[in-house]
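This report walks through one protein model, from its overall architecture to single residues and the surroundings of a ligand. Please keep the sequence and the structure in view while reading.

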Amino acid sequence: MELSTAMRTTGTCRYFREDPVPDEVLYAAFDAARFGPQGGNRQPVRWAVVRDPARKQALADLYLPLWRPYYAGLNDGSVAANALPKTLLDANHFAENLATVPAILVLCAELAGLHPTDTELGRLSVVGGASIYPTMQNVCLALREQGVASAITTLLCHQEPQVRELLGLPDGFITAAHVVVGYPERGFPTRLTRRPVEDIVSLEHFDTPMFPAGATV
Ligand SMILES: Cc1cc2nc3c(=O)[nH]c(=O)nc-3n(C[C@H](O)[C@H](O)[C@H](O)COP(=O)(O)O)c2cc1C
């Protein structure tokens with residue numbers, strides 16, 4: 001598969017087939033993904049693969065009390081439940097069926113291996129994540145290449161203390177995401193909704209589009 005095709009079609013999967021993802025498929029994905037960059041090559045990323053039904057249920061039980069109020073808050077009651085946007089209905093189906101997905105990859109990271117350079121700016125620090133999330137996206141792409149779909153989630157990071165206990169996460173390690181993986185029940189998306197290049201790239205000055213709409217490159 002072309003890399004650009006994988007990048008363009010690695011959407012968020014909400015419906016998974018029951019079949020397990022074989023160890024060798026996961027291995028190949030982790031093996032390719034570990035070449036993702038991290039600051040100072042400190043390699044802080046660890047993965048915990050959760051396939052045990054009781055442990056998946058425990059994660060789902062932690063997720064749903066976060067998801068359900070969020071979902072309820074998005075619908076003020078004026079819209080019939082089945083008339084909500086499809087993306088929301090799909091996300092709700094995903095949440096309500098989280099315990100039965102094939103696997104949940106818990107993305108962990110060693111805090112000491114992060115090197116955030118934006119902690120004194122008086123705003124949210126995000127740089128630490130730059131040593132974690134390239135590897136996560138690599139996993140999603142490497143799985144996509146092998147016909148396996150994924151859904152990145154972060155809602156459950158709210159419950160890190162409980163997840164820490166459930167997985168025996170040592171001190172100094174944190175949870176950064178929970179990536180649900182499995183074979184897609186409905187195939188892969190062909191066209192993801194994203195802003196066009198014209199809207200997101202500037203040249204030299206933030207106000208100057210590098211590729212103005214209508215111009216040919
Ligand atoms: C950082 C991040 C956090 C996310 N967290 C959640 C989550 O907690 N629960 C969920 O259902 N989807 C979550 N998503 C999935 C997004 O809702 C999804 O990527 C977005 O709607 C775009 O979907 P698409 O990639 O299929 O176009 C998350 C995605 C990202 C990148």
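In what order do the elements of the protein run from the N terminus on? In this predicted model, they follow the pattern α-α-β-α-α-β-α-β-α-β-α, and the secondary structure comes to seven helices and four strands.

**Overall dimensions**

The C-alpha trace spans about 55 × 50 × 40 Å along its principal axes. A compact globule of 217 residues would have a radius of gyration near 17 Å, and the 19 Å of the protein agrees with that expectation. Buried residues make up 23% of the 217 residues. Of the contacts between residues at least 6 apart in sequence, 81% join residues that are at least 24 apart.

**Paired strands**

Strand S2, residues 103-110, is mostly covered, since six of its eight residues are buried. S2 pairs with S1 in the antiparallel sense through six bridges, and with strand S4 (residues 173-182), again antiparallel, over eight bridges. Two positions show how the strands face each other: Val49 stands opposite Leu105 in S2, while Leu107 stands opposite Ala177 in S4. As a general point, the side chains of a regular strand alternate between the two faces of the sheet.

**Helix H2**

Which residues of helix H2 are buried? Within this helix, which covers residues 23-33, they are Leu26, Ala29 and Ala33. Seen down the axis of H2, the buried residues fall within an arc of 65°, so they line one face of the helix. That buried set packs against strand S1 (45-50) and helix H5 (133-145), whereas Asp23, Glu24, Tyr27 and Asp31, on the other side of H2, are exposed.

**Loop and segment residues**

Phe16 is found in the loop between helix H1 (3-9) and H2. Is Phe16 buried or exposed? With 24 other C-beta atoms within 10 Å, Phe16 is buried, the cut-off for that class being 20 or more. Leaving aside residues up to four places away in sequence, Phe16 touches Val101, Pro102, Ala149, Gly182, Tyr183, Pro184 and Glu185. Gly73, by contrast, lies 57 residues from Phe16 in sequence and 26 Å from it in space, C-alpha to C-alpha.

Asn41 has a positive phi although it is a residue other than glycine, and Glu204 likewise combines a positive phi with a residue type other than glycine. The table sets out where each lies and how many C-beta neighbours it has.

| Residue | Phi | Location | Other C-beta atoms within 10 Å |
|---|---|---|---|
| Asn41 | near 50° | loop between H2 and S1 | 8, exposed |
| Glu204 | near 70° | segment after helix H7 (197-200) | 7, exposed |

**Surroundings of the ligand**

The ligand is surrounded by Gly11, Thr12, Ala91, Phe94, Ile152, Thr153, Thr154, Leu155, Leu192 and Thr193. Helix H4 (86-96) and strand S3 (149-153) are the elements that give two or more residues to this shell. How many residues of each class does the shell around the ligand have? By class, there are five nonpolar and five polar residues, and no charged ones.

Note on methods. Residues are numbered from 1 along each chain as its sequence is written. This is a predicted model: local features need pLDDT of at least 70, side-chain atom pairs count only at pLDDT 80 or more; totals for chains, interfaces and linings use all residues. A residue is buried if 20 or more other C-beta atoms lie within 10 Å of its own, exposed if 12 or fewer, and partly exposed in between; C-beta atoms are placed from the backbone. The arc is that of the directions from the helix axis to the C-beta atoms. Two residues are in contact if their C-beta atoms, placed from the backbone, lie within 7 Å. A residue is near a molecule or strand if its C-beta atom, placed from the backbone, lies within 6 Å of it. Ala, Val, Leu, Ile, Met, Phe, Trp, Tyr, Cys and Pro count as nonpolar, Asp, Glu, Lys and Arg as charged, and the others, Gly among them, as polar. The radius of gyration is taken over C-alpha atoms; the globule rule is 2.2 Å times the number of residues to the power 0.38. Two strands pair if DSSP finds at least two bridges between them.
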